[in-house]
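I opened the model to go through one sheet, some aromatic pairs and a few single side chains. My entries follow in the order I looked things up.

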Amino acid sequence: MAGSGCFLLLLAFSVALLLDEATAQVPGFQSWNCGGKENFIDEAGIEWTPDNLFIYGHIAQTNRRSRAKLQYATLRYFPTDNRKYCYSLSVMPGMRYLLRPTFLYGNFDGKNVYPKFQISLGVTYWSTIIISNVNTVEAREMIFLATEPAIHMCLFNATRGRPFISTLELRPFNGSMYSNDLEEQFYVSVSARINFGAVSDAAIRYPDDPFDRIWYSDHSGKPNEVLPMADGIKNLSTDRPIDVGFGENPPQKVMQTAVLGTSGLLSYKLKLHGFAGNGWVISYFAEIEDFGPQRSRKFRVAIPFASIPHTDRPAVNIQENSGGKFRLCEHYSVNVTLNSLLSFEFIELPNSSEGPLLNAMEISKYIEIKRGSPDADVAAKIFSSLRNDDWAQEGGDPCLPVNWSWLLCSSESAPRITSILLSGKNLTGNIPSEFTKLTQLKVLRLDGNSFIGSIPDFTNCQDLKIIHLENNQLTGSIPPSLANLQKLRELYLQNNMLSGKVPIGLFRKNLVLNISGNVELEEGGKNPIALMIVVPFIIVAVLAFYTYIMNKNNRESQNAPSHQSEGQAEPPQREAIAEPSSPVLCAAHRFRFSEMKDATNKFQRKIGSGGFGVVYYGMLKNGREIAVKVLSSNSKHGEEEFLNEVTILSRAHHTNLVELLGYCQEDGKSMLVYEYAPNGNLEEHLARKVPFARTQTWMQRLSIAEGAARGKF
């Protein structure tokens, strides 16, 4: 959509902002010299402040050629990793701002590897920074309406070299020059700001522009590579003052120069970074030729010219629309679709005596504002309660554009926090209650810290599957509400100072529960020391009983009368592995090989081995975890062990013995299926080879052995 004619805007200028306690030379300006060590005032009168409150990254110096300006003598760079690194800037809600980060590589790492990385404003992707020259400054500008007290500018996703930043500048606006009906839905990314007819290659900025916008010369070559496409274009300039009004209009120095199409045509091509997309174009005009009243300058505007029919192109009469000569007026084209290469033209009207004229132009792209995670406020409160370590100071949204390093998020457009990963972070105090407000949390790992106080009520977190709170200093009882978390599969509470009775609802087959190391904790009649684990020396007692039974059976067999006649050949030996119909095996459940293959994910995870074969981890369709012992095909002794274990352990039942759930014998393959013991075996606990092992007294050890020996056969 294109505006018709020109309009004179009179805007008030008012600025107010302080990020820190430093007083800027220019009211409202904030300018950070990244990697700098001290404040300084540059040749334009702008005060620069070191970004030393920013704790991330490393400081480096650029090469000598890049140090012509002090603010580019240093920079701050960051690791090439999965994290985002965010500057948090204080702003005043309701005000508009211009934010400008700049990047001068200067071969700071001595590698001559030109970095490539991305930046965002809050959760909204802004631009990809591609360095193509050692000593060229890459700059980006965003105009935004502040809706919160802080805004975050983040660097992330480096695909080449290391992400870095040289300067960061924040400039407040107050008038309506850059207001639009969509500013609560879109940011405005400035792609070009061009001073046409410039008298030199130098850009114009503060103090000529009171808002410190950068107006690049049309013949400097960078950053837009402006190229004239018509003959007869010449430069105009004047020393006479231009009435530019007040506020955020272009400065006089910009409006005192122009280009003129003497052949009746003014046509250009220029590059636009960040496009294709929708945006707006503002063209600035001022009649700076002092011709008589009988002469006029009228022309049609086509931006971009290929998309607008000739008769639909709006007409401009500079003197008529601005109210006279040497006065500013503007023509705007809003919500136009542009590509990365823009072509535009101004064509003289038949009733005009003068060719088209252009003083300046601004081109910006609409960038849709993304909304962050609904859990952002909760995460911010958790963030504020944690230690002031660098891992807790990532800033920005917890999930977008990339998640914080200590949590995971869902992949939906409004992502939710699903995992908290804070093991071993030396955290102290009570567990923040805000964790219980993360309603889609699935994994909570707070183990290995120094948390005190009670365990919070996680009733609102019904998706929780894994909770690790072990190795802290938690006190009080275990909340009964934990038993109501039906999706919970792991609950590790060992080595705290918990007391009272364990909720009976936590003793279920599909939940791995570890509560060892809590001296005052009662299991309601259960012995917390008697872990459901494989107990090697207990098996000795079991095998002794088995030997007694087998010897008794052998004696009975020897005393039985023989029906074999003399000279008759002995019948062939029965195979060591019983058929499924064998009475020995009928007491145990028989699994099919296909079930074992699915349960172990094609025997992927090996958890043990021995002379008999290999043990694999698995999970049945009902969610029960299992350990599958696969008999070695070339071990005769292994086959005998298979028969013995099925015979004995299908009859043995005790809380201190691992339970045999069944067997599989199919296609020459023999397997034993046990319940999975996630806490390790007794040998590992006695030798303290597991992190949550607790020292057992000899009486406790004897009690476990005696209890297992009393197993029912």
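Is Thr102 buried or exposed? I kept in mind that the model is predicted. The relative accessibility of Thr102 came out at 2%, and the cut-off for buried is under 20%, so Thr102 counts as buried.

**Entry 1: around Thr102**

I placed Thr102 in strand E7, residues 96-104. I then looked up its side chain and found a polar contact with the side chain of Tyr72, at 3.3 Å. Next I listed the contacts of Thr102, leaving aside neighbours within four places in sequence. Tyr72 is on that list too, along with Val137, Glu138, Ala139, Ile165, Ser166, Thr167 and Glu169.

**Entry 2: the sheet with E8**

I turned to strand E8, residues 116-121, and checked its cover: five of its six residues are buried. Which strands pair with E8? I found six bridges to E9, residues 124-130, and five to E12, residues 150-160. E8 runs antiparallel to E9 and also to E12.

I noted one bridge partner for each pairing. Leu121 is matched with Thr124 in E9, and Gln118 is matched with Phe156 in E12.

I looked at the turn between E8 and E9 as well. The hairpin has two residues between the strands, and Gly122 takes a positive phi near 65° there.

From E12 I went on to E6, and I found six bridges joining these two antiparallel strands. On this side I noted that Ser90 stands opposite Ala150 in E12.

In what order do the strands of this sheet lie? I wrote down E6-E12-E8-E9, an open sheet of four strands with antiparallel pairing. E6 (85-90) and E9 each have a single partner strand and stand at the edges, so one side of each is left without a neighbour in the sheet. I also took down the turn between neighbouring strands of this sheet, which is 20° on average with direction ignored.

**Entry 3: aromatic pairs**

How many aromatic pairs does the structure hold? I counted off 33, and I picked two of them to read in detail.

For Tyr97 and Phe144 I read a distance of 5.7 Å between ring centres and an angle of 25° between planes, so this pair is stacked. Tyr97 belongs to strand E7 and Phe144 to strand E11, residues 141-145, with their positions 47 residues apart in the chain. I found both Tyr97 and Phe144 buried.

For Phe173 and Phe211 the ring centres are 5.3 Å apart and the planes stand at 75°, so this pair is edge-to-face. Phe173 lies in strand E14 (residues 167-173), while Phe211 lies in the loop between strand E15 (186-195) and strand E16 (216-217); the pair therefore ties together parts that are 38 residues apart in sequence. I looked up the exposure of each ring residue: Phe173 has 0% relative accessibility and counts as buried, and Phe211 is buried at 1%.

I also traced a cluster linked by ring pairs, with Tyr77, Phe103, Tyr105, Phe108, Tyr114, Phe117 and Phe164 in it.

**Entry 4: charges over rings**

Last, I checked for charged side chains over ring faces and noted two cases. Lys325 lies over the face of Phe291, 4.6 Å from the ring centre. The charged end of Arg605 sits over the ring of Tyr617, at 4.4 Å from its centre.

Key: Residues numbered from 1 in each chain as written. Predicted model: local features only at pLDDT ≥ 70, side-chain atom pairs only at ≥ 80, totals over all residues. Heavy atoms only, no water. Buried < 20%, exposed > 50% of the residue type's maximum accessible area, 1.4 Å probe, protein only. Pairing = 2+ DSSP bridges. Axes fitted to C-alpha atoms, helices over the stretch in contact; angles between N-to-C directions. Polar contact = N/O pair within 3.5 Å; in protein donor to acceptor, adjacent residues only side chain to side chain. Contact = heavy atoms within 4.5 Å. Phe/Tyr/Trp six-rings, centres within 6.5 Å; stacked < 30°, edge-to-face > 60°. Lys NZ or Arg CZ within 6 Å of the ring centre and 35° of its normal.
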